[in-house]
Amino acid sequence: MPTPFSSEDLGRVFDARTLTKGRSLVLLGVVGVVLRDPSIAVTVEHLGVRHTASITPSPLRRRTTLLGQCSCGQPACTHLAAGALAALDRYPALRKPTQQSFLDALAFPTAEEQQRLVFELSPGEPPHACLVSALLIGERTGRIEVTTPRRVLADPGHGEAARTLAALLDGDTGRTPIAPSAAGPVLGLLARSGTARWQATGKTLVPGGERTFHAD
């Protein structure tokens, strides 16, 4: 696992304009990130060009510095910023806890944050076809909290589609393995729920047309 880092660490490497552009690329779903200890491999589809980059977080006293290289050749570029933001969004273990002073806590009491439910699909390994994770993402901070299908099912605040999917998953862990025999119904519900995304790119899953592949 690469060294954890925080949004404050990003602010010391990238300017506000670059971070804003990077965040826009993440929201467009064109950023892919994969952890390759000790680095983060990044791919960004930007203006019709596929950029590849590598980010290596390194501890520096109480801070974390980010060493990055991008195929665009620019230091501290938008693609590196997008990759760092996407990594923080998709891998909770990369989030470095930030320490708040006692006076800050008194001046700015923590308000309960609205969270949105996301089901995240990732590849599986035999004998499992795929894995589905249940995540709660803060609307204001983007902080990710892992939940379980059973908790989702027990909360009437979640929509009917989400609770139906949770009932099908019927698990008490954050990541539910899916058997090949159950992959069809699960993928169908994920696509129709409107709350599912692909783990590698963050793109929302939607129903598509049926296709036939011929093989020997």
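Select strands E1, E2, E3 and E4, which make up an open sheet of 4 strands in the order E1-E2-E3-E4 with antiparallel pairing; strands and helices here are DSSP runs, numbered from the N terminus, with at least two residues for a strand (E) and at least four for a helix (H or I), and two strands pair if DSSP finds at least two bridges between them. E1 and E4 (63-70) stand at the edges, each with a single partner strand, so one side of each is left without a neighbour in the sheet. From one strand to the next the twist averages 25°, angles being taken from 0 to 180 degrees between N-to-C directions of axes that are lines fitted to C-alpha atoms, for helices over the stretch in contact.

Before going further, note that this is a predicted model, in which local features need pLDDT of at least 70 and side-chain atom pairs count only at pLDDT 80 or more, while totals for chains, interfaces and linings use all residues. Residues are numbered from 1 along each chain as its sequence is written, and side-chain values use heavy atoms, with hydrogens and water left out.

Next, walk through the sheet pair by pair. Select residues 31-36 (E1) and 39-46 (E2), which pair in the antiparallel sense over 6 bridges and form a hairpin with 2 residues between them; Leu35 has Ile40 in E2 as its bridge partner. Moving on to E2 and E3, you find antiparallel pairing over 7 bridges, with Ala41 opposite Ser54 in E3, and in the hairpin of these two strands, which has 2 residues between them, Leu47 takes a positive phi near 55°. E3 and E4 run antiparallel and are joined by 8 bridges, with Pro57 standing opposite Leu66 in E4; their hairpin also has 2 residues between the strands, and Arg61 in the turn has a positive phi of about 55°.

Stay in E4 and select Thr65, which is found in this strand. Thr65 counts as partly exposed because its relative accessibility is 27%, where buried means under 20% relative accessible area, exposed over 50%, and partly exposed in between (1.4 Å probe, protein chains only). Not counting residues up to four places away in sequence, Thr65 touches Thr56, Pro57, Ser58 and Leu60, contact meaning heavy atoms within 4.5 Å. A distance label between the C-alpha atoms of Thr65 and Phe5, which are 60 residues apart along the chain, should read 8.1 Å.

Now add helix H3, which lies across E1, E2, E3 (49-60) and E4 and runs at about 70° to E1. Then bring in helix H2 (residues 16-27), which packs with H3 (residues 78-90) at an angle of about 60°, their axes 8 Å apart. The two helices are therefore oblique to each other, a class that holds what remains after roughly parallel (under 35 degrees), roughly antiparallel (over 145) and roughly perpendicular (65 to 115). To inspect their contact, select Thr18, Leu19, Lys21, Gly22, Arg23, Leu25 and Val26 of H2 together with Thr78, Ala81, Ala82, Leu85, Ala86 and Arg90 of H3.

For the last stop, select Ser122, which lies in strand E5 (residues 115-123). Ser122 is buried, with a relative accessible area of 6%. Leaving aside its neighbours within four places in sequence, Ser122 is in contact with Cys130, Leu131, Trp198 and Gln199.
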